[in-house]
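User: Please take a close look at the salt bridges, then follow the chain outward from there. How many salt bridges does the structure hold?

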Amino acid sequence: MALPERAARYIFKVSNSDPNTLLIESATQFNKPLFLPEEYFDLKEFFSRIIQAQKLDIALKKI
C-alpha cells in the first residue's frame, strides 16, 4: 500500500518457497522528510493499515 504521490509505502509479504521455511518480510519506506497538516488523515490511515496488516494471524499446519 502507498500514500498519494508515493510519499510513503508499506510492503508486507508472506511466502513459503521451501516446505521447511516461512519467510515474512515487512518494510516501510518514507520518500519525504516532512508531512503537512493536510496530509495527516492519509498518514493516520496509512499507519492504521500497517497495524492491521501486522495483526494478521498466520496458522501453521503440520502436514
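Analyst:
**Salt bridges and their surroundings**

The structure holds two salt bridges. The term covers a side-chain nitrogen of Lys or Arg within 4 Å of a carboxyl oxygen of Asp or Glu. A caution on the source: this is a predicted model, in which local features need pLDDT of at least 70 and side-chain atom pairs count only at pLDDT 80 or more, while totals for chains, interfaces and linings use all residues. Residues are numbered from 1 along each chain as its sequence is written, and side-chain values use heavy atoms, with hydrogens and water left out.

Start with glutamate 39 and lysine 32. Their side chains meet at 2.6 Å, N to O. Glutamate 39 is partly exposed, at 22% relative accessibility. Lysine 32 is also partly exposed, with a relative accessible area of 27%. The cut-offs are these: buried is under 20% relative accessible area, exposed is over 50%, and partly exposed lies in between, with a 1.4 Å probe and protein chains only.

The other pair is glutamate 45 and arginine 49. Here the N to O distance is 3.2 Å. Both residues lie in helix H1. They are four residues apart, about one turn of the helix. Glutamate 45 is partly exposed at 33%. Arginine 49 is partly exposed at 47%.

Now the helix itself. Helices (H or I, at least four residues) and strands (E, at least two) are DSSP runs, numbered from the N terminus. H1 runs over residues 40–54. It has 15 residues and reaches 21 Å from its first C-alpha to its last. That is close to the expected 21 Å, a span defined as 1.5 Å times one less than the number of residues. Its buried residues are Leu43, Phe46, Ile50 and Ala53. They sit on the same side of H1, because they cover an arc of only 85° around the axis. The arc is that of the directions from the helix axis to the C-beta atoms. Tyr40, Phe41 and Lys44 are exposed, on the face turned away from the buried side. What covers the buried residues? The cover includes strands S1 and S2.

Those two strands run antiparallel, joined by nine bridges. Strands pair if DSSP finds at least two bridges between them. S1 spans 8–18, and S2 spans residues 21–30. A hairpin links them through two residues. Aspartate 18 stands opposite threonine 21 in S2. Phenylalanine 12 has serine 26 of S2 as its bridge partner.

Helix and strand meet in the largest nonpolar core. Such a core is a set of buried Ala, Val, Leu, Ile, Met, Phe, Trp, Tyr and Cys residues joined through side-chain atoms within 4.5 Å. This one has eight residues: Leu3, Ala7, Ala8, Tyr10, Leu43, Phe46, Ile50 and Ala53. S1 and H1 each supply at least two of them. H1 gives the most, with four.

Two alanines of that core deserve a look at their contacts, meaning heavy atoms within 4.5 Å. Residues up to four places away in sequence are left aside for alanine 7 and for alanine 8. Alanine 7 touches Gln29, Phe30, Asn31, Lys32 and Phe35. Lys32 is the lysine that pairs with glutamate 39. Alanine 7 is buried, at 7% relative accessibility. It lies in the segment before S1. Between alanine 7 and alanine 27 the C-alpha distance is 14 Å, across 20 residues in sequence. Alanine 8 is in contact with Met1, Ala2, Leu3, Gln29, Phe30, Asn31, Phe35 and Phe46.

The backbone just ahead of these alanines needs checking. Most residues other than glycine have a negative phi. Glutamate 5 has a positive phi of about 60°, although it is not a glycine. Arginine 6 also has a positive phi, near 55°. Glutamate 5 is in the segment before S1, as is arginine 6. Are they buried or exposed? Glutamate 5 is exposed, with a relative accessible area of 83%. Arginine 6 is partly exposed, at 48%.
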